[in-house]
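User: I am new to this structure. Please take a close look at one helix and its buried residues, then walk me on through the cysteines, the empty spaces, the ligand shell and the unusual backbone spots.

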Amino acid sequence: MILIYPPVAKPCEPPAGIAKLCGALNHHRVGYNVLDANLEGLLYLLSVPPAASDTWTRRAVRHLSRHLASLTCWTAYQDDGRYRRAIKDLNRLLDMAAKSTRVRLGLANYQDEDLSPARSADLMRAAENPENNPFYPYFKKRLADYLKSEQPPIIGFSLNYLTQALCTFAMIGFLRREHPGVKLALGGGLVTSWMRNPRWKNPFGSLVDHLVAGPGEAALLSLLGVSPSQDNHFRPNYDSLPVRDYFAPGPILPYSSSSGCYWNKCLFCPERAEGNSYQTIPADRVAEDLLHLVDKHKPVLIHLLDNAISPSLMNEICKHPPGAPWYGFTRITRHLTDPDFCLALRQSGCVMLKLGLESGDQSVLDSLHKGINLEEASLALKNLRKAGISSYVYLLFGTPPEGLTEARRTLEFVVKHQDCVGFLNLAIFNMPIYGPEVRQMETRAFYDGDLSLYTSFDHPKGWSRQLIRQFLDKEFKRHPAIASILRRDPPVFTSNHAPFFVMDKEMTRI
Ligand code: SF4
């Protein structure tokens, strides 16, 4: 079989879902091939001489190989200006490469002027006209080469982001037309979200043979006629992926120790709305996996993908450090108010924690059932800074209990903790289309698409998206303290590359 990771997603680390499938297939001695069509496709388009010959594009072409080299070693990450120039130029070249199509293309962007990834009819159109996709010359040849010698029983696609959807369907349409005998399976995070919608009706029955929601290991094995072993944890396997070719100074190993969330209480959380149960790998096996993978691949960074790394796993990692720097998302819990705990995390290799603070107003946090106490959050941020761990803080504006007054408290909180906040992510709240709380709100269609995951709603305090944007642009982002934090954020790759800008010299030599 062939497992394909389609464009476009940030090309900085191997696809975690596919590595997990490879682990399961290896364990059951099933042969397979892997194609990271995202990384390959982007590199292919970067190598095509662009039609445009303006000064910027010509300069970008001239510097292409230098930019690529600088992003795959430490050079760009030790020189902010150089990093930003490289990203800007590569985005320019991709956009120029797609100029003859109706697509705006970038390293993490795919926007079709005519087709929406949230509309099933548009995805079917992408499948009917694969030639219109900017990656067509790449995947036509690559897939033909793969299928020349043998027809695999199944080709599986891992579709996780909206930016991958139209390319996935273009590739599926091409395969359906040229190789009608091949069975096609489609899974991944985005497909799971579609299928968890209680109103889901499969619009792709004529095109895709199998749609898989949730972890795909057991489903894939059963499609191949293999009975899964009793043990349902298979260590991810990266051997078939080009771990050293991604846009990073060395291999980044993504690893997921759980699915769902151990807290699972925050109102309007998409994880909770989808009803994803919390499943976790025992902490000692996680530590064992990490030690094994680090020994094998010598990563420069481990990316823990859990929605929230549990305190017990953090304790285990402190006891058995993986031997490489690591980062991931965690909740702001009282554990982080203990300076010794933060220090132990740092000594285990933790370089950055992503923290979903969401608001600097206690009443908003309480209404959302975040389980965060602002005094504890303040102490946690200070402790992390003292320990040498950078904080990447996520804020969410426009949740139902938040109005302008509450949002100004968030501004005050961030300004007060400016020295402790390494990076900021600002988002405007999107109401998941289903979930227990949504029924109590006045909702309207948000995107014109049957696959849309969000719905528009009448904000109880009258704080519309337009007013929120105004506040963010004219007040929040203009505050000098906040502006200086926002300027640090690595463009395009944001939190995926942020750890490289905070690692000390000693760690960059690991
Ligand atoms: S901590 Fe994050 S993933 Fe968990 S329930 Fe809250 S928002 Fe959802």
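Analyst: Start with helix H5, which spans residues 120-128. Its buried residues are Ser 120, Asp 122, Leu 123, Met 124, Ala 126 and Ala 127. This is a predicted model. Buried here means under 20% relative accessible area. What lies over these residues of H5? The cover includes two other helices, H7 (162-178) and H8 (189-196).

Now the cysteines. A disulfide is a covalent bond between the sulfur atoms of two cysteines. To count as one here, the two sulfurs must lie within 2.5 Å. By that rule, the structure has zero disulfides. Take Cys 22. Its closest cysteine sulfur belongs to Cys 12 and sits 18 Å away, so the gap is too far for a bond. Cys 22 is also buried, at a relative accessible area of 1%. Cys 167 is likewise in no disulfide: the nearest cysteine sulfur, again that of Cys 12, is 17 Å away. Cys 167 is buried, with a relative accessible area of 1%.

Next, the empty spaces. Rolling a probe the size of a water molecule over the atoms shows where empty space is left. How many cavities of 30 Å³ or more does the search of the whole structure find? It finds two.

The largest cavity holds about 60 Å³ of space. Its lining is made of Ala 16, Lys 20, His 233, Phe 234, Pro 236, Tyr 238, Pro 254, Tyr 255, Ser 256 and Ile 281. Helix H1 (16-27) and strand E8 (252-255) each give at least two residues to that lining. By class, seven of the lining residues are nonpolar, two are polar and one is charged.

The second largest cavity holds about 30 Å³. It is lined by Tyr 238, Leu 253, Pro 254, Tyr 255, Leu 290, Leu 293 and Ile 302. E8 and H11 are the elements that give two or more residues to this lining. The largest share, three residues, comes from E8. The class split is seven nonpolar, no polar and no charged. Tyr 238 appears in the lining of the largest cavity and in that of the second largest cavity.

Tyr 238 also leads to His 297. His 297 sits in helix H11, residues 283-297. It is buried, with a relative accessible area of 8%. What does His 297 touch, leaving out residues up to four places away in sequence? Its contacts are Tyr 238, Asp 239, Val 243, Arg 244, Pro 251 and Leu 253.

Pockets are open, unlike cavities. The second largest pocket encloses about 440 Å³ of space. It has 20 lining residues. Pro 215, Glu 217, Asn 232, His 233 and Gln 279 lie nearest its centre. Helix H9 (217-223), strand E9 (258-259) and strand E10 (279-280) each supply at least two residues of the lining. The lining divides into six nonpolar, 10 polar and four charged residues. His 233 is also part of the lining of the largest cavity.

Now the ligand. Which residues surround it? They are Cys 261, Trp 263, Asn 264, Lys 265, Cys 266, Cys 269, Asn 307, Arg 331 and Lys 370. By class, this shell has four nonpolar, two polar and three charged residues.

Asn 307 also meets Glu 271. Not counting residues up to four places away in sequence, Glu 271 touches Gly 260, Asn 276 and Asn 307. Glu 271 lies in helix H10, residues 270-273. At 21% relative accessibility, Glu 271 counts as partly exposed. Arg 285 is 14 residues from Glu 271 along the chain, and their C-alpha atoms are separated by 24 Å.

Last, the backbone. Most residues other than glycine have a negative phi, and most peptide bonds are trans. Three spots depart from this. The peptide bond from Pro 7 to Val 8 is cis, with omega near 5 degrees. Val 8 is in the loop between strand E1 (2-5) and H1. Lys 298 has a positive phi, near 45 degrees. Its place is the loop between H11 and strand E11 (301-304). Val 492 has a positive phi as well, near 65 degrees. It lies in the loop between helix H18 (480-487) and helix H19 (494-502). With 26% relative accessibility, Val 492 is partly exposed.

How values were computed. Residues are numbered from 1 along each chain as its sequence is written. This is a predicted model: local features need pLDDT of at least 70, side-chain atom pairs count only at pLDDT 80 or more; totals for chains, interfaces and linings use all residues. Side-chain values use heavy atoms; hydrogens and water are left out. A residue is near a molecule or strand if one of its heavy atoms lies within 4 Å of it. Ala, Val, Leu, Ile, Met, Phe, Trp, Tyr, Cys and Pro count as nonpolar, Asp, Glu, Lys and Arg as charged, and the others, Gly among them, as polar. Buried means under 20% relative accessible area, exposed over 50%, partly exposed in between (1.4 Å probe, protein chains only). Helices (H or I, at least four residues) and strands (E, at least two) are DSSP runs, numbered from the N terminus. Contact means heavy atoms within 4.5 Å. On a 1 Å grid over the protein atoms alone, a cavity is a set of points where a 1.4 Å probe fits but cannot get out, and a pocket is an open set with protein on both sides within 12 Å along at least five of seven lines; lining residues have an atom within 4 Å of a point. Grid points are joined across faces, edges and corners, and a volume is the space filled by probe spheres set on the points.
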